[in-house]
Amino acid sequence: MKLYFLLNSLAGGGAERVAVNLSKVLPVEKFFLLERDIKYEVPEEKLNFLSNHKTTDSPTLKTLYILVYAKKLSKAIKENSIVLSFLERANYVNIIANAFKKHKVFISVHMSQLSGRKTVHPYNFLSKILYPKANKIICVSKGIKKELKNHFGISEEKLAVIYNPISLEDLVKLASESLKGYEKIFNYPVIITSGRLTKQKAQWYLLRIFKELKRSYP
């Protein structure tokens, strides 16, 4: 049984990094990409592009191409194989491709479907219609699992929580690198965050935490 990964691209991002890290410990046959942008190191022979699209192309155009991607994917994979997809558009392609060639559909959800975008959005509709058709949905948090169950009506047995993996070996290696003049920052208590400045990353909460901490540690 073959294992394939399906992503929008490898142009950066947390979900993409998770996929690349997992590919180092799982027997991934191919990476299928909807777009041609790549920033992570993946063996060239493992890459299979389903279009000539770029991340800078119109999101509306790429949404309209979901059926085309799905047909191309179905022609490129083996019957009864496993396709694990990352992020919404790739998830939709994975599910729809199953109509053309039967395979095990595993999708992963890395973002809140409710707070991550506007209430009125075509992806919210597509998720409600398509996600229940997946064989398994991997949620990166208990909160996302609860949301999919309560607001999208997805059955408990289809949902699983698997947190994003980390490599302890990589962390130890990175910890030994020079901070190149930034060492003095750590003369004081430090909190570090990393993430896009978007609503779902919730930096607003962190700003309030900073405010309270400064009262105790001026």
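Contact here means that heavy atoms lie within 4.5 Å of each other. Keep that in mind for the packing you will meet on this tour, and remember that the model is predicted.

**Start with the whole chain**

Show everything as a cartoon. You should find eight helices and seven strands. Along the principal axes, the C-alpha atoms fill a box of roughly 60 × 40 × 35 Å. Now switch on the surface: the accessible area comes to about 14000 Å², and 58% of that belongs to carbon and sulfur atoms. Of the 218 residues, 36% count as buried. Among contacts with a separation of 6 or more, 52% are between residues 24 or more positions apart.

Colour by charge next. There are 37 positive and 18 negative side chains, and the centres of these two sets lie 7 Å apart.

**Select helix α1**

Pick residues 14-23, which form helix α1, and show the side chains of A15, E16, V18, A19 and V20; these are buried. What do the buried residues of α1 pack against? Highlight β1, β2 (28-33) and β4 (82-86), and you have the partners.

**Move to L7**

Stay in this area and select L7, in strand β1 (residues 3-7). Is L7 buried or exposed? With a relative accessible area of 1%, L7 is buried, because the cut-off for buried is under 20%. Leaving aside residues up to four places away in sequence, L7 touches E16, A19, F31, F32, L33, L34, F86 and A90. E16 and A19 are two side chains you have just seen among the buried ones of α1. For a sense of scale, draw a distance from L7 to N187: their C-alpha atoms are separated by 41 Å, and the two residues are 180 apart along the chain.

**Visit the salt bridges**

A search of the whole structure finds six salt bridges. Here are some stops.

- Select E29 and K2. Their closest N and O atoms are 3.7 Å apart, in a salt bridge. This pair links distant parts of the chain, with E29 in strand β2 and K2 in the segment before β1, 27 residues apart. E29 is partly exposed at 36% relative accessible area, and K2 is also partly exposed, at 33%.
- Select E35 and K62. These side chains meet in a salt bridge at 3.1 Å, N to O. Again distant parts of the chain are linked: E35 sits in the loop between β2 and β3 (47-49), while K62 is in helix α2 (residues 59-64), 27 residues away. E35 counts as buried at 2% relative accessibility, and K62 counts as buried at 3%. Add R89 to the selection to see a network of salt bridges linking E35, K62 and R89.
- Select R215 and E212. Their side chains meet in a salt bridge at 3.1 Å, N to O. Why are they separated by about one helical turn? Because R215 and E212 are three residues apart in helix α8. R215 is exposed, with a relative accessible area of 57%, whereas E212 is partly exposed at 42%.

**Finish on the surface of α8**

Keep helix α8 (residues 203-216) in view and select I209, which lies within this helix. At 41% relative accessible area, I209 is partly exposed. Which residues make a nonpolar surface patch with I209? Select I191, W204, Y205, L207, F210, L213 and Y217 as well, and the patch of about 850 Å² is complete.

Conventions: Residues numbered from 1 in each chain as written. Predicted model: local features only at pLDDT ≥ 70, side-chain atom pairs only at ≥ 80, totals over all residues. Heavy atoms only, no water. Helix = DSSP H or I, 4+ residues; strand = E, 2+ residues; numbered from the N terminus. Buried < 20%, exposed > 50% of the residue type's maximum accessible area, 1.4 Å probe, protein only. Patch = residues over 30% accessible without salt bridge, like charges linked within 9 Å, V, L, I, M, F, W, Y side chains within 5 Å. Areas by Shrake-Rupley, 256 points an atom, 1.4 Å probe, with all protein chains shown as cover. Salt bridge = Lys/Arg side-chain N within 4 Å of Asp/Glu carboxyl O. Lys, Arg positive; Asp, Glu negative; His and termini not counted. Charge placed at Lys NZ, Arg CZ, Asp CG, Glu CD.
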